[in-house]
There are 2 protein chains.
Amino acid sequence: MKLQVAIDRVDIPRAEAIIDQIADYADIIEIGTSLTKEYGLRALAPVCERLAARPVAGRQAVLLGDIKTCDEGKYEFDLGFACGFAYLTVMGSSSLGTLEVCAASAAAHGGVMMIDLLECDEERIERISGFPDAVYCLHTSIDSGATADPVGQVRAFKQRFPQIRRIGIAGGIKPDQLSGLAAEGVDIVIMGSAITKAEHIGDACRASAEACHSA
Amino acid sequence: MKLQVAIDRVDIPRAEAIIDQIADYADIIEIGTSLTKEYGLRALAPVCERLAARPVAGRQAVLLGDIKTCDEGKYEFDLGFACGFAYLTVMGSSSLGTLEVCAASAAAHGGVMMIDLLECDEERIERISGFPDAVYCLHTSIDSGATADPVGQVRAFKQRFPQIRRIGIAGGIKPDQLSGLAAEGVDIVIMGSAITKAEHIGDACRASAEACHSA
């Protein structure tokens, strides 16, 4: 199971300082929506370049831009991959046409489309479940509070949508839930402030990464 | 009926050049999602300041940031209003909690929340129809092509949702459809390339503005 660490609500120098502390342990580093909307993708391209130029000591993390595309999928995804992101997000509530052009852009750039299932009901998930290379991310809205039982949520999702292979989960995930999520075959678990607000960010990231990778 | 002109897929100097040509005629100038995502809200604050400092010759246009908020509504809306935008957009597909915090932010800043109804079905629109100060924007996805019959679309919407007072419409609107839309009581009509890609941008904007304001 991959560990994705989300960086949010900080400025770019602080984001780079956090990246330096987690890049040897995390698999994916998320530049959160708050940063993409405040600073824009073009200003974040140097952050991608800086990470790519880093000497590899442990794992070499890649960057995800949480751009939450809703429309104009080709424009946003082509731009995001050109800026150096390896993963980009699109809303599951977008039109099927938008998801299709995002999937095509991801394939053309060797990148990955993560579909954010925020507020998607079962009927919609069924309708958009035909992208085998995409990661489908279960996501409880920050404005609605954290997920109470992520392991149970993943188990129910897998039963309801057996055709979906790659599952991600975000929303207040705690370190003690990681082994249960890995046992369910989750592809990517997303953690935020549990790591980025820890007293020792690098230690917190390493501990969670070990739990993700050993399970 | 107000005319909103959307500026998309240009850099900031070009956006400012377009603004200079339309600011005496348009009611609302939209900084499109492509700009907010490429350059970020902070880089657009000077664009807001520059427009606000402009000597008023005709109408004094205000700016809308098409930020398409999906989550973290308070953070994004507070930031957007602080940067100088008068209108901000939130997706109708967001959680009710997100819409509520966006509405509260708009009220606190004397701004307006525009709800983008992209991909919202009737059940969802019914559920989110309780924001009397918001503008509800009928919106056909760019990735799905333009609206064929916007006047008929507005008429059907009003019959189905009589509780919604303020209606906006976007998606390939043509100048010859403006009088029909005004007759239906539309609050805001959104035009893009029909004005911003015209040979004489100012003339095209003035002509459409006259059609909007005289109807």
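## Helices α4 and α3 of chain A and the two-chain contact

In helix α4(A), the buried residues are G73(A), Y75(A), E76(A), F77(A), L79(A), G80(A) and F81(A). The structure described here is a predicted model, and every statement below should be read with that in mind. Because 7 of the 10 residues of α4(A) are buried, this helix is largely enclosed by the rest of the structure. Within chain A, the buried residues of α4(A) pack against α3, β3, β4 (87–91) and α5 (96–109), and they also pack against α2 of chain B. After α4(A) comes G84(A), whose phi is positive, near 110°.

Helix α3 of chain A offers a second view of the packing. It covers residues 41–52, and its 12 residues, at 1.5 Å a residue, should span 16 Å, which agrees with the 16 Å that separates its end C-alpha atoms. The buried residues of α3(A) are L41(A), L44(A), V47(A) and C48(A). Seen down the axis of α3(A), these buried residues fall within an arc of 100°, so they line one face of the helix. Their partners in chain A are α1 (12–22), β2 (28–31), α2 (33–39), β3 (62–69) and α4 (73–82), and α2 (33–39) of chain B joins them.

The description now turns to the pair of chains. A turn of 180°, with a shift of 0.0 Å along the axis, lays chain B on chain A with an RMSD of 0.0 Å. That is the relation of a two-fold axis. In chain B, the C-alpha nearest the axis belongs to G40(B) and lies 1.9 Å from it. The same surface serves both copies, since 100% of the contact residues of chain B recur in chain A.

How many residues does the contact take from each chain? It takes 33 residues from chain B and 33 residues from chain A. On the side of chain B that touches chain A, the elements giving two or more residues are α2, α3 (41–52), β3 (62–69), α4 (73–82) and α5 (96–109) of chain B. The largest share of that side, 6 residues, comes from α2(B). The classes of the residues on this side of chain B are set out below.

| Class, side of chain B that touches chain A | Count |
|---|---|
| nonpolar | 11 residues |
| polar | 12 residues |
| charged | 10 residues |

Helix α2 of chain B thus links the two parts of this account: α2(B) gives the largest share of the side of chain B that touches chain A, and α2 of chain B is among the elements against which the buried residues of α4(A) pack.

How values were computed: Residues are numbered from 1 along each chain as its sequence is written. Chains are lettered from A and ligands numbered from 1 in the order in which they are written. This is a predicted model: local features need pLDDT of at least 70, side-chain atom pairs count only at pLDDT 80 or more; totals for chains, interfaces and linings use all residues. Copies are superposed by least squares on the C-alpha atoms of residues with pLDDT of at least 70 in both. Two residues are in contact if their C-beta atoms, placed from the backbone, lie within 7 Å. Helices (H or I, at least four residues) and strands (E, at least two) are DSSP runs, numbered from the N terminus. The expected span of a helix is 1.5 Å times one less than its number of residues. A residue is buried if 20 or more other C-beta atoms lie within 10 Å of its own, exposed if 12 or fewer, and partly exposed in between; C-beta atoms are placed from the backbone. The arc is that of the directions from the helix axis to the C-beta atoms. Ala, Val, Leu, Ile, Met, Phe, Trp, Tyr, Cys and Pro count as nonpolar, Asp, Glu, Lys and Arg as charged, and the others, Gly among them, as polar.
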